[in-house]
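Please open the model in your viewer and keep the selection panel at hand. The tour below proceeds from one residue to a pair of helices and then to the whole chain.

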Amino acid sequence: MKSKVILISIDGMRPDGVLGCGNPYVQTLLQNGSHALDARTVFPSVTLPCHMSMFHSVPPERHGITTNLYMPQVRPINGLFEQAAGAGLSCAMYYGWEPLRDVSRPGSLRFAEYINAYAEDATDGYLTDRAIARIEKSHPDFVFLYMVETDEKGGHDSGWMTQTYLDYISAAIDNARRVIERFGDEYTVIITADHGGHGRGHGSDDPQDMTIPMFFVGKQFTAGQALENVSILDLAPTIAAILEVPAAPEWEGKILVRG
Ligand SMILES: [Zn+2]
């Protein structure tokens, strides 16, 4: 069942963080779509390496990005953006952390907007507004919306699982709700995180850093179903399958849509 896709990455969102943030829409997500509350990210549990793995479906030892400093791949692999653009699809990206620009190669994006996380009080909300306006106008085939305030202003500034952190997650879920309520008929929406965290940081192989939640809302997924043994490497193949674009031959993850 082909459809367009919106992927929402909420940086540093732990499963117990989203379940405990107090936003009633989390229950709606659990009931209306499939979910994985114990999905695994890759080590090191750091933003750029994890997002490279999210889009390229290989672990950091293969794509070579092991810190937040981007280095051109020695043995380049096409990521999801390159595969989608190569198939003629239109791609868009809205992000609040500048190094993420390198998850796609030049020429893959038809629309993009970046804003620094401290440039406005509610960066994630602003980017969501911008993405919504673009989707209304241009209906891109694949949209990536990245929210950073949960990690920077919640986790690092205040501490993982503090009330401030939980409040930022709740705000991010409200942004996701706005997207789903507006475009849920036209798009399959996937909500995930790059990594978790504990104390004031992340990056270790501790389960608190390595375990991430995922929510899948769309006609390819069974409502209320818990998916098991899910990895961040599964996202690119799953989204490519929904968009009906080919996976790159190097991708290692599996397709999560029902057969
Ligand atoms: Zn961080």
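Two residues are in contact if their C-beta atoms, placed from the backbone, lie within 7 Å. This is a predicted model, in which local features need pLDDT of at least 70 and side-chain atom pairs count only at pLDDT 80 or more, while totals for chains, interfaces and linings use all residues. Residues are numbered from 1 along each chain as its sequence is written.

Select I169 to begin. Leaving aside residues up to four places away in sequence, I169 touches I10, M13, G17, V18, C21, T150 and G154.

Next, display the largest nonpolar core (buried Ala, Val, Leu, Ile, Met, Phe, Trp, Tyr and Cys residues joined through C-beta atoms within 7 Å; buried means that 20 or more other C-beta atoms lie within 10 Å of a residue's own). Of its 79 residues, I8, L145, I169, I190 and I239 touch the most other members. Helix 8, residues 163–183, gives the most to this core, with 10 residues. Helices are DSSP runs of H or I with at least four residues, and strands are runs of E with at least two, numbered from the N terminus.

Now add helix 7, residues 149–158, whose axis comes within 8 Å of that of helix 8 and crosses it at roughly 175 degrees. Axes are lines fitted to C-alpha atoms over the stretch in contact, and angles run from 0 to 180 degrees between N-to-C directions. Helix 7 and helix 8 are therefore roughly antiparallel (over 145 degrees). At their contact, E149, T150, K153, G154, G155 and S158 of helix 7 meet T164, Y165, Y168, I169 and A172 of helix 8.

Finally, show the whole protein, which has 10 helices and 7 strands.

Terms used:
A residue is buried if 20 or more other C-beta atoms lie within 10 Å of its own, exposed if 12 or fewer, and partly exposed in between; C-beta atoms are placed from the backbone. Angles under 35 degrees count as roughly parallel, over 145 as roughly antiparallel, 65 to 115 as roughly perpendicular and the rest as oblique.
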